[in-house]
Amino acid sequence: MRVALLITLLVAVVAWLPAPALATAPLSVKVVAEPPHVETVLGGRFMITTEITNTGTAPSGEILAHLNVASIEGSVYVDPEDWSPDRSQQLSLQPGESRKLSWEIQAVNAGHFAAYVVVVPFGNKVAGNEALVISPLVDVDVASKSTLTAGGALPVVVMVPLLLGLAAAGVVLRGRRRGQDR
Amino acid sequence: MTIQVAPPAVGTVQGVRAGAERQSRLLVVAEQECRDLWTSGRGLILLFLFSVLLSGVTYLTSTNQALNFLEQRESVNLVLQFAVAVGVLATLVVSADGISGERERGTLETLLVTPVPRRSIIGGKLIAALSLWFATFLVSIPYVWVLARGVGILGRALALGFCVGTLVAIGLGSIGLLISAACNSNKTSIAASIFLLLILFAPTQLPSGLPQGWFFEVLLRANPVASGLAYISSILVEGHGWTQDLALLITPLLTAIIAGGALILAGPRLVRLTRGVNSE
């Protein structure tokens with residue numbers, strides 16, 4: 001009886017104690033990005049596709065694929081949100097399963113850039129020390145383009161307000177002169 | 001405003017012509033209102049300010065490097081949306097002055113003693129307010145042309161702007177006249193109308209990066225201005241067909257029907273003399 005009581009007490013104490021931090025298993029996924037190189041012009045829209053495969057033997061759990069864009073030449077300021085408004089996609093994969101994700105991107109700066117997708121674990125069970133899985137870089141070359149020029153728009157931009165201003169002034173002045181005549 | 005109209009037709013013989021006469025009276029009021037708007041210079045000054053704004057936006061779109069990344073279709077869309085929005089604002093401001101302005105200037109009494117049905121007065125005022133929308137649309141044509149040439153969307157952009165803008169202008173013009181008829185003071189009427197327009201434009205200014213769930217969708221679809229502008233974008237930028245997003249035009253259409261209907265039904269009761277703001 002005493003032994004049983006001791007064992008029960010021991011089990012209760014062990015259960016009450018916080019569980020020791022387990023070493024987090026690395027994400028067993030592989031990310032492939034297509035195409036490896038994109039050439040476009042400023043304002044051009046293009047699509048990159050990533051295939052994420054669960055290479056492990058256990059379900060991946062909730063994971064998040066996140067697109068990022070970085071300038072790899074010069075000092076061009078990059079705001080990835082401008083490049084793509086939907087940059088995160090949540091998924092979970094069974095062992096051996098793979099999923100293709102499409103990312104619609106618009107080139108909003110001219111220069112040389114790298115687009116890549118990083119896969120991170122998702123949810124409230126994330127410990128914070130998990131390793132990330134990153135796709136190979138997609139090399140993005142954006143040529144500058146000037147579709148509209150000041151020269152083309154200038155005649156309209158100047159002439160229309162000028163003509164309307166003259167017409168308005170003429171009508172107002174004529175109205176005042178008539179008022180004075182009366 | 002002073003109107004000279006023949007006395008109304010009385011008796012069975014003239015009864016046949018009553019409809020035609022009612023229509024002609026509407027046109028007489030509309031003509032007089034348009035003359036007031038355009039020969040006083042008020043309409044032309046508004047058009048001049050409109051063209052200055054549109055010139056600024058067009059110049060920025062075509063020269064500014066930060067905006068130049070936009071595709072040409074997006075530039076056309078930006079300027080067209082701006083033209084529709086400001087054109088509708090001008091229409092609303094003019095219609096908001098319609099009845100309360102006459103009350104405040106003391107000219108409503110003269111107007112009411114003329115042998116013109118009150119519905120014709122309201123209809124004429126709405127037509128005059130809409131004439132400003134048509135004028136702003138005409139002014140915006142060269143701006144749209146300069147941005148859309150070479151992309152092959154000029155005709156589509158102009159047809160879209162005209163149809164959607166006219167629909168929204170009829171709805172908001174009617175609302176402006178209803179507000180104007182209900183207000184004693186012109187300042188209150190114009191302030192209320194502009195405030196209403198700001199509320200309607202607010203959802204169009206939300207950043208595209210924000211999460212857009214069902215609430216945003218409801219907000220967009222319930223708003224005649226935002227849904228009208230979204231319809232323009234869906235065709236010009238996203239390349240959708242004319243019928244694909246037709247549901248976006250339900251709210252502008254309903255607004256035009258409901259507000260226009262309310263104006264026709266309640267208008268005769270609303271256009272009346274009230275105690276002025278200075279008579280207390």
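## Strand β9 of chain A

Along strand β9 (residues 138-143) of chain A, the side chains of Val138(A), Val140(A) and Val142(A) point to one face and are buried, whereas those of Asp139(A), Asp141(A) and Ala143(A) point to the other face and are not buried. In general, the side chains of a regular strand alternate between the two faces of the sheet. The model described here is predicted.

Strand β9(A) pairs with strand β2 (residues 37-41) of chain A in the parallel sense, over 5 bridges. Within this pairing, Val38(A) has Val140(A) as its bridge partner. Strand β9(A) also pairs with strand β7 (residues 111-121) of chain A, in the antiparallel sense and over 5 bridges. Here Phe113(A) stands opposite Val140(A). Val140(A) is thus a useful residue to locate in the structure: its side chain is buried, Val38(A) is its bridge partner, and Phe113(A) stands opposite it.

## An open sheet in chain A

Chain A also contains an open sheet of 3 strands in the order β1-β3-β6, with antiparallel pairing. Strands β1 (29-34) and β6 (98-106) of chain A stand at the edges; each has a single partner strand, so one side of each is left without a neighbour in the sheet. From one strand to the next, the twist averages 20 degrees.

Strand β3 (residues 45-54) of chain A is joined to β6(A) by 9 bridges, and the two run antiparallel. One of the residue pairs to look for is Thr49(A) with its bridge partner in β6(A), Ser102(A).

## The helices of chain B

Chain B has 13 helices and 0 strands. Of its 280 residues, 44% count as buried.

Helix α8 (residues 118-148) of chain B has 31 residues, which at 1.5 Å a residue should span 45 Å; the C-alpha atoms at its ends are 44 Å apart, and this agrees with the expected span. Helix α8(B) nevertheless bends by about 30 degrees at Ser140(B), and a proline, Pro142(B), follows within four residues.

## Packing of two helices in chain B

Helix α5 (residues 72-96) and helix α9 (residues 154-182) of chain B pack with their axes 8 Å apart, at an angle of about 25 degrees. Angles under 35 degrees count as roughly parallel, and α5(B) and α9(B) are therefore roughly parallel to each other. The crossing in which α5(B) passes α9(B) is right-handed.

Notes
Residues numbered from 1 in each chain as written. Chains lettered and ligands numbered in written order. Predicted model: local features only at pLDDT ≥ 70, side-chain atom pairs only at ≥ 80, totals over all residues. Expected span 1.5 Å × (residues − 1). Bend = angle between axes of the 7 residues up to and from the residue. Pairing = 2+ DSSP bridges. Axes fitted to C-alpha atoms, helices over the stretch in contact; angles between N-to-C directions. Buried ≥ 20, exposed ≤ 12 C-beta atoms within 10 Å, placed from the backbone. Parallel < 35°, antiparallel > 145°, perpendicular 65-115°, else oblique. Left-handed = near helix turned anticlockwise from the far one by under 90°.
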